[in-house]
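User: I should like to learn how descriptive terms are justified from atomic coordinates. Please work through the following structure with me.

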Amino acid sequence: MISDNINKLKYSIEKKCSECGRNSEEITLVAVSKYFGIDAILQAKDSGILNFGENRAQELTLKYDKIGNSVIWHFIGTLQKNKVKYAVRCSEFIHSVDSLDLLFEINKKAESFDKIQKVLFEVKTSYEETKAGITSEEEIFRLAEEAQKLSNVKALGLMTISPLTEDEKLIRKSFSYLRNLKEKLNKKGFDYNELSMGMTSDYEIAIEEGSTILRIGSAIFGDRDYSKDWRQI
Ligand SMILES: *Cc1c(COP(=O)(O)O)cnc(C)c1O
């Protein structure tokens, strides 16, 4: 089941890439395994998935302690300051940096683990109240500049979650905004290459708009059971 889903998804990504003249090798597929157990992750791993995404620090820690560094972990959820140590210990990438405070804390914890933490800046590209992310360009430039001065973080690019809508135009607008912002940063001399955008419902649009990291859950693992207790995985 999971392996079939992965094959279908990979085929569809390939197809979309060739349609818009992109090389699928420049796109990393992150399987978002939140709410799914170790078994499901190992099945996906056996089917050739190397990157996994989690959005809660404790859930990531639990899975990391069972599976370890045989896969690459991405932290993609809202991160509270007191949970930074877990995210830094377990993940190679943190996609959700949206404040200076958080950036400094990540740098501090990364130093204590003697690692260089790869990070992305999460940008709010929709008007929904609940979504996290940086809201002004000024703030992004500020974060990019500060990150450059820190020795234990390496900023690689930008991340966003598109607005929850069926309106393809709005989704596309959110992704193209992120791409333009990355280009502005590149012009200012920041060597950012990554655009983390695109989930199950909108990854095709994201590929068209230049995504380099897709974060896909349901298309791989099926529907999530939100009533499930993550400690039972
Ligand atoms: C859950 C989640 C995803 C994956 O969502 P699907 O619709 O299941 O593909 C991607 N990004 C973030 C930040 C998430 O929390």
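User: What covers the buried residues of α3?

Analyst: The model is a predicted one. In it, the cover over the buried residues of α3 includes α2, β2, β3 and α4. The buried residues of α3 themselves are A57, E59, L60, T61, K63, Y64 and I67. After α3 comes G68, with a positive phi near 70°.

User: What makes the buried residues of α2 lie on the same side of that helix?

Analyst: Helix α2 spans residues 38–46, and I38, A40, I41 and A44 are buried in it. These residues cover an arc of only 165° around the axis, and therefore they are on the same side of α2. On the other side, D39 and D46 are exposed.

User: Which elements cover the buried residues of α2?

Analyst: The cover includes three helices, namely α1 (2–19), α3 (57–67) and α9 (218–221), together with the strands β2 (51–54) and β3 (72–75). Just after α2, G48 takes a positive phi of about 100°.

User: Why is V88 called buried?

Analyst: The relative accessible area of V88 is 0%. A residue is called buried when this value is under 20%, so V88, at 0%, is buried. V88 lies in helix α4, residues 84–90. Leaving out residues up to four places away in sequence, V88 touches I94, I106, K109, A110, F113, K115 and Q117.

User: How far is V88 from K149 in space?

Analyst: The two residues are 61 residues apart in sequence, and their C-alpha atoms are 19 Å apart.

User: How do you know whether E146, a charged residue, is buried or exposed?

Analyst: The value decides the matter: E146 has 15% relative accessibility. The limit for buried is under 20%, so E146 counts as buried. E146 is part of helix α6, residues 137–149. Apart from residues up to four places away in sequence, E146 touches L100, L103 and F104.

User: What makes S24 count as buried, and which side chain does the side chain of S24 meet in a polar contact?

Analyst: S24 has a relative accessible area of 18%. This is under 20%, and therefore S24 is buried. S24 is placed in the loop between α1 and β1. The polar contact joins the side chain of S24 to the side chain of E14, at 2.8 Å. The cut-off for such a pair of N or O atoms is within 3.5 Å, so 2.8 Å meets that distance requirement. Setting aside neighbours within four places in sequence, S24 is in contact with E14 and C17.

User: Why is D114 called exposed, and what is notable about its phi?

Analyst: D114 has 71% relative accessibility. Exposed means over 50%, so D114 is exposed. D114 belongs to the loop between α5 (100–112) and β5 (117–122). Its phi is near 55°, a positive value in a residue other than glycine. Most residues other than glycine have a negative phi.

User: Is Y35, which also has a positive phi, buried or exposed?

Analyst: Y35 has 14% relative accessibility. That value is under 20%, so Y35 counts as buried. The phi of Y35 is near 70°. Y35 sits in the loop between β1 (28–32) and α2.

User: How do you know that T135 is exposed?

Analyst: T135 has 57% relative accessibility. The limit for exposed is over 50%, so T135 counts as exposed. T135 is in the loop between β5 and α6. The C-alpha atoms of T135 and W73 are separated by 26 Å, the two residues being 62 residues apart along the chain.

User: Which residues surround the ligand, and which side chains have N or O atoms at stated distances from ligand atoms?

Analyst: The surrounding residues are V32, K34, I76, I161, M199, T200, R215, I216, G217, S218 and R224. They divide into five nonpolar, three polar and three charged. A ligand oxygen atom is 2.5 Å from an N or O atom in the side chain of T200, and a ligand oxygen atom is 2.6 Å from one in the side chain of S218. A ligand nitrogen atom is 2.9 Å from an N or O atom in the side chain of R215. Taken alone, the ligand exposes 390 Å², and the protein buries 90% of that.

Key: Residues numbered from 1 in each chain as written. Predicted model: local features only at pLDDT ≥ 70, side-chain atom pairs only at ≥ 80, totals over all residues. Heavy atoms only, no water. Buried < 20%, exposed > 50% of the residue type's maximum accessible area, 1.4 Å probe, protein only. Helix = DSSP H or I, 4+ residues; strand = E, 2+ residues; numbered from the N terminus. Arc of directions from axis to C-beta. Contact = heavy atoms within 4.5 Å. Near = heavy atom within 4 Å. Polar contact = N/O pair within 3.5 Å; in protein donor to acceptor, adjacent residues only side chain to side chain. Areas by Shrake-Rupley, 256 points an atom, 1.4 Å probe, with all protein chains shown as cover. Nonpolar A, V, L, I, M, F, W, Y, C, P; charged D, E, K, R; others polar.
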